[in-house]
Amino acid sequence: MNKPNIPDTPTAPVDARKDSLIEYPSQFPIKVMGANADGFVTAITHVAKQYDPGFDAATVQLRDSSGGKYLGVTITVTATSREQLDDL
């Protein structure tokens, strides 16, 4: 049995960043880890405000590492697009 001669057709690359299960706008938590140093939390909140002008610094959650050398910072931003989250 002969197989039909079907030319190879190139397929467009899939960009997974465009496929999103998130509905925008939405509240989106982001966790950041860093050295437990002066100015770390201030720097994180400054960046959050650049991407979300309505960011409320009162919502920041902090968690020290077991040794106290590192700090986990959770910020919750209002995500308006996938591009915003990628940039942030």
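This is a short walk through the fold, the core and a few single residues of the chain shown above.

Okay, so first the ground rules. What we have is a predicted model, where local features need pLDDT of at least 70, side-chain atom pairs count only at pLDDT 80 or more, and totals for chains, interfaces and linings use all residues. Residues are numbered from 1 along each chain as its sequence is written, and side-chain values use heavy atoms, with hydrogens and water left out.

Let's start with the layout. The chain has 2 helices and 3 strands, and going from the N terminus you read β-α-β-β-α. Helices here are DSSP runs of H or I with at least four residues, strands are runs of E with at least two, and both are numbered from the N terminus.

Now the sheet. The 3 strands form an open sheet in the order 1-3-2, paired antiparallel; pairing means that DSSP finds at least two bridges between two strands. Strand 1 (26–35) and strand 2 (61–64) are the edges, each pairing on one side only. On average, neighbouring strands are turned by 20 degrees against each other, direction ignored. Strand 1 and strand 3 are joined by 10 bridges, and one residue you can look up is Pro29, whose bridge partner in strand 3 is Thr76.

Helix 1 packs on this sheet and touches strand 1, strand 2 and strand 3, with its direction at about 15 degrees to that of strand 3. For that angle, axes are lines fitted to C-alpha atoms, for helices over the stretch in contact, and angles run from 0 to 180 degrees between N-to-C directions. Contact, by the way, means heavy atoms within 4.5 Å.

So what sits in the largest nonpolar core? Ten names there: Ile30, Phe40, Ile44, Ala48, Phe55, Val60, Leu71, Val73, Ile75 and Val77. A nonpolar core is a set of buried Ala, Val, Leu, Ile, Met, Phe, Trp, Tyr and Cys residues joined through side-chain atoms within 4.5 Å. Buried is under 20% relative accessible area, exposed is over 50%, and partly exposed is in between, using a 1.4 Å probe and protein chains only. Strand 3 gives the largest share of this core, 4 residues. Ala48 touches Phe55, Ile75 and Val77, if you skip residues up to four places away in sequence.

Across the whole chain of 88 residues, 22% count as buried. Among contacts with a separation of 6 or more, 65% are between residues 24 or more positions apart.

One strand residue I want to point at is Thr74, in strand 3. Thr74 counts as buried, at 16% relative accessibility. Beyond its neighbours within four places, Thr74 contacts Pro29, Ile30, Lys31, Thr59, Val60 and Gln61.

Last stop, helix 2. How many salt bridges does the count come to? Just 1, where the rule is a side-chain nitrogen of Lys or Arg within 4 Å of a carboxyl oxygen of Asp or Glu. Asp86 and Arg82 make that salt bridge, at 3.1 Å from N to O. The two are 4 residues apart in helix 2 (residues 82–87), so about one helical turn separates them. Asp86 is partly exposed at 40%, and Arg82 is partly exposed too, at 27%.

Asp87 is also in helix 2, and it is exposed, at 54% relative accessible area. From Asp87 to Tyr51 is 36 residues in sequence, and 8.4 Å in space, C-alpha to C-alpha.
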